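Please find below some notes for a colleague who is meeting this structure for the first time. They are set out as numbered points, to be read with the model in view.

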Amino acid sequence: MTKPSLPELLHAAVAAVGGTERPGQVTMAESVAEAIDDGSHLLVQAGTGTGKSLGYLVPTLAHGERVVVATATLALQRQLVQRDLPRTVESLHPLLRRRPEFAMLKGRSNYLCLHRLHEGVPQEEEDGLFDIFESATPSSKLGKDLLRMRDWADETETGDRDALSPGVSDRAWAQVSVSSRECLGASRCAYGAECFAEAARERAKLADVVITNHALLAIDALEGAPVLPSHEVLIVDEAHELVSRVTGAATGELTPGSVNRAVRRAAKLVNEKAADALQTAAEGFERLMELALPGRLEEIPEDLGYALMALRDASRTVITALGNTRDKSVQDEDAVRKQALASIENVHAVAERIVEGSEYDVIWYERHDRFGASLRVAPLSVSGLLREKLFTDRSVILTSATLRLGGDFNGVAASLGLPREGTAAAAGEDGDAEPVPQWKGVDVGSPFDYPRQGILYVAQHLSQPGRDGGRGDMLDELAELVEAAGGRTLGLFSSMRGARAAAENLRGRLDLPVLLQGEETLGELIRAFAEDDRTCLFGTLSLWQGVDVPGPSCQLVVMDRIPFPRPDDPLMSARQKAVEENGGNGFMAVAATHAALLMAQGAGRLVRATGDRGVVAVLDPRLARARYGSFLRASMPDFWYTTDRNQVRRSLAAIDAAARAEER
């Protein structure tokens, strides 16, 4: 039997999911197959509606090697596991003469821990464990959630938190889950044979396709021992999120609360001298943190250095003591000891990292109204880590609707540790060529006709945004646009303060419902926004990337200002300064690229289907006037561009009238 061609396989898969084959999808599948065959890397921009999941699943399944697919969002993981993969595998089975297996794998804390559920949670104030079901009032929200999870544990096949519907709070889930550091290990746990996390890892070892998330991919790169099964192809979907997820995984944090928690957990398990030294160090750290002012620490103050060295040394002593002492009077001592060890090891690792003070780390204080002060340390860049850990021994395909910023892929590639496209291997000191990851960028376009379906309007006449946040002319413009559109507005704001001020202002002016992020769960807000065409939804970061509402409910997307990072953001400003010290343009490489990515994502909320029409309105004149404006506009969908306010009002009124007529 002749081997089926890629177009045949793609056609069968598209038919199975009830989709329509698109030229961009075919181009993507061919590019992915080529990259896998020659062992190179691919950055592929595929616009909304391209069908990119099939664009990479079909060629990887046809190739036959194990593939790991890492996504940023739960929604895409569900789509892959519940819809795309089952149908694709079924449709390709007759052609491939084999049925590829697939499995989901997440970090251990995403799975219900049977030991925690049945034996209780290690107590922090005194020895032993406490029964979570006895400690929570049955009538309380926590108590009801815990009882529901106990029943669910008998029914679920996976123990995966995301399969629990409705979901539970982080506080409730923490009572029945453990981190990898807290886990006893299958061989030492009474429930090891039934462990959900271990079962997921075993399924992943046998699967041809493993679906995971960016966080676990980051842990796999950062930890010494591999977490993911060996694989020949890595697909990173929603790849625009990867750098921030890896940065998050590589960030360490110390707070007085986390340090005191570690002290409480360890104090009863070690000798009095070690416990007292740790308690004294924790108190010294807490006193300092009460005086901490937000901002970057380019040098560690002497008093903080002494406090951290005391914490580091006391933690090391306690870690040693925890390994040398046993106390059989403690109920389920192994679990209590493991949790204490995990907390202390984190304190030791972060304190030591900050004391050592690598030039490749950024250290800063943060202060929250609710949680108090924290001390944080993050890598200045993760590009070197990604280059070393991601792009070796496998072909890597990175895809997203937004990878080509300012007209090319080089900005995103640099953040991933890749050289400029087409860079040849450089000769080393011994004359041999040093290996350079070879990659290609492909933009397969979009099935949407952006110039005919959408308008990009920049309110050039408005005053430039300032730091004080008071922009009366912007609020007037916003009200006029929303009124012309008849509601149907997604408002994307650079700060929660701005979103709140705009919502309050419009609620007093217009007879239209205005929903505000934070007043209800995000899922409920998006559902209410989608169901009522007259409704507006205002919010911040998660709305810039997380809203998929095709049709007449979203026909105006407003951005209050260009979403540059805050000037006092310690990590972003440090990265910008580092680029400038190396002779580059720090503003363009960091701040403008950050803004371009968000604006491309935000503008992508407007057109989600071939019948969608509308306006993206940017109420920041810098997009039209500033030199960097063309870079930002080139990163957004190719909408028809105007600064004519009267034209836009007429267009919005016409779109609103057409939508009303269709409803009637």
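1. The largest nonpolar core of this predicted model has 90 residues, and among these Leu43 and Val616 touch the most other members. Helix α24, which spans residues 586–603, gives the most to this core, with seven residues. As general background, nonpolar side chains tend to be buried together in soluble globular proteins.

2. The surroundings of Leu43 can be followed residue by residue. Leaving aside residues up to four places away in sequence, Leu43 touches Leu398, Leu403, Phe409, Val412, Ala413, Leu416 and Leu418, and also Trp439, Lys440, Gly441 and Val442.

3. On confidence, the mean pLDDT of the protein chain is 90, and 93% of its residues reach 70 or more. A stretch to read with caution is residues 125–130, where pLDDT stays under 50 and for which the model has 24 contacts beyond four places in sequence.

4. One open sheet is built from seven strands in the order β3-β6-β2-β7-β12-β1-β15, and its pairing is parallel. Because β3 (102–104) and β15 (439–443) each have a single partner strand, they stand at the edges, and one side of each is left without a neighbour in the sheet. Neighbouring strands of this sheet are turned against each other by 15 degrees on average, if direction is ignored.

5. Within this seven-stranded sheet, strand β2 (residues 67–71) and strand β6 (residues 209–213) pair in the parallel sense over five bridges, and Ala70 stands opposite Thr212 in β6. Helix α4, made of residues 74–96, packs on the sheet and touches β2, β3 and β6, while its direction makes about 170 degrees with that of β6.

6. A second open sheet has four strands, in the order β8-β11-β10-β9, and here the pairing is antiparallel. Its edge strands are β8 (252–254) and β9 (295–296), each of which pairs on one side only. Strand β10 (residues 361–368) and strand β11 (residues 372–379) pair in the antiparallel sense over eight bridges, and the bridge partner of His368 is Gly372 in β11.

7. Two helices pack on this four-stranded sheet, and they can be described in turn. Helix α15 (residues 333–356) touches β8, β10 and β11, and its direction makes about 105 degrees with that of β8. Helix α23 (residues 570–581) touches β9, β10 and β11, and its direction makes about 155 degrees with that of β10.

8. How do helix α12 and helix α13 lie with respect to each other? The axes of α12 (residues 256–267) and α13 (residues 272–290) come within 10 Å and cross at roughly 170 degrees; since angles over 145 degrees count as roughly antiparallel, these two helices are therefore roughly antiparallel to each other. The contact is made by Pro256, Val259, Asn260, Val263 and Ala267 on the α12 side, and by Ala275, Leu278, Gln279, Ala282, Phe285, Glu286 and Met289 on the α13 side.

9. Is Asn260, a residue of helix α12, buried or exposed? Its relative accessibility is 17%, and because buried means under 20%, Asn260 counts as buried. Not counting residues up to four places away in sequence, Asn260 touches Ala282 and Glu286. Asn260 and Glu283 are 23 residues apart in sequence, and their C-alpha atoms are 8.4 Å apart in space.

Terms used. Residues numbered from 1 in each chain as written. Predicted model: local features only at pLDDT ≥ 70, side-chain atom pairs only at ≥ 80, totals over all residues. Heavy atoms only, no water. Pairing = 2+ DSSP bridges. Contact = heavy atoms within 4.5 Å. Axes fitted to C-alpha atoms, helices over the stretch in contact; angles between N-to-C directions. pLDDT = per-residue confidence, 0-100. Core = buried A, V, L, I, M, F, W, Y, C linked by side-chain atoms within 4.5 Å. Buried < 20%, exposed > 50% of the residue type's maximum accessible area, 1.4 Å probe, protein only. Parallel < 35°, antiparallel > 145°, perpendicular 65-115°, else oblique.
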